[in-house]
Amino acid sequence: MNCTGLVLAAGAGVRAGGPKALRRTAEGTPWLELACSFLRDSGCDRVVAVLGARADLARELVPAWAEALVVDDWATGMSASLRAGLGVASGTAALVTLVDLPGLPVSVGARVMAARGALRQAVFRGTPGHPVYVAAEHWSAAGASLEGDRGARQYLVEHDLTEVECSDLWHGRDKDFGSPRPS
């Protein structure tokens with residue numbers, strides 16, 4: 001499959017005490033490296049880390065085999081990051097994840113990739129989470145629908161979203177909120 005993986009990692013991480021793109025596991029592995037590897041190992045041919053806050057430092061944590069995209073208007077919210085990522089995506093689809101899911105297993109990504117439908121989202125006990133699969137024919141319209149600090153969930157639901165239950169594989173909680181966060 002010709003799929004672009006997108007890691008959304010541009011936020012300032014105010015509630016988390018700083019940009020999550022700069023975080024590392026207890027063992028020292030950058031969360032950015034884990035997120036990029038998750039996308040590659042899930043079947044993405046190309047991986048792009050979308051950066052913003054402290055991009056100068058975060059860029060150094062992006063693996064050499066992945067690309068870094070710096071979004072100038074990142075402070076306007078998640079919409080800017082997702083719109084920019086979809087704007088540079090190539091191939092037949094994009095698989096989107098967040099940097100603050102360092103324990104997300106590849107089995108979740110593989111299940112979402114293997115499901116049917118042009119729009120797919122991992123859900124955990126019915127609660128929307130990540131990753132999110134967006135077929136190329138939706139990139140422009142989904143990007144145009146974005147605003148503020150919201151993702152594409154409303155667009156997905158309005159355009160025949162396939163929810164892919166993954167709670168048997170993982171809990172779905174991020175490292176900031178403790179519960180799945182909608183795309």
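This is a short talk on the sheet of one structure and a few backbone details around it.

Hi everyone, thanks for coming. A reminder before we begin: what you see is a predicted model.

Let's start with the sheet. Seven strands make it up, and it is open, with the order E3-E2-E1-E4-E6-E5-E7 and mixed pairing. Which strands stand at the edges? They are E3, residues 67-70, and E7; each has a single partner strand, so one side of each has no neighbour in the sheet. On average, neighbouring strands are turned by 25° against each other, if we ignore direction. For anyone new to this, strands in a sheet pair through backbone hydrogen bonds, in either a parallel or an antiparallel way.

Now let's zoom in on one pair. E1, which covers residues 3-9, runs parallel to E2, and six bridges link the two. If you want a spot to click on, try Val7, which sits opposite Ala49 of E2. Helix H3, residues 78-88, packs on this sheet and touches E1, E2, E3 and E4, the last being residues 93-98. The direction of H3 makes about 160° with that of E1.

Next, the backbone geometry. As background, most peptide bonds are trans, and most residues other than glycine have a negative phi. Here we have some exceptions to show you. Which two residues does a cis peptide bond join? His130 and Pro131, with omega at about 10°. Pro131 belongs to strand E6.

Then there are the positive phi values. Arg54, not a glycine, has phi near 55°. You'll find Arg54 in the loop that runs between strand E2 (46-51) and helix H2 (55-58). Asp160 is not a glycine either, and its phi is positive too, at about 65°. Asp160 lies in the loop between helix H6 (153-158) and strand E7 (162-165). How accessible are these two? Arg54 has 45% relative accessibility, so we call it partly exposed. Asp160 is at 67% and therefore counts as exposed.

Last stop: Ala136, in the loop between strand E6 (127-135) and helix H5 (139-144). Why does Ala136 count as partly exposed? Because its relative accessibility is 26%, and the partly exposed class runs between 20% and 50%. Setting aside neighbours within four places in sequence, Ala136 contacts Gly91, Thr92 and Ala93. Take Thr92: it is 44 residues away from Ala136 along the chain, yet their C-alpha atoms are separated by 5.1 Å.

That's my tour, and I'm happy to take questions!

Definitions and conventions
Residues numbered from 1 in each chain as written. Predicted model: local features only at pLDDT ≥ 70, side-chain atom pairs only at ≥ 80, totals over all residues. Heavy atoms only, no water. Helix = DSSP H or I, 4+ residues; strand = E, 2+ residues; numbered from the N terminus. Buried < 20%, exposed > 50% of the residue type's maximum accessible area, 1.4 Å probe, protein only. Contact = heavy atoms within 4.5 Å. Pairing = 2+ DSSP bridges. Axes fitted to C-alpha atoms, helices over the stretch in contact; angles between N-to-C directions.
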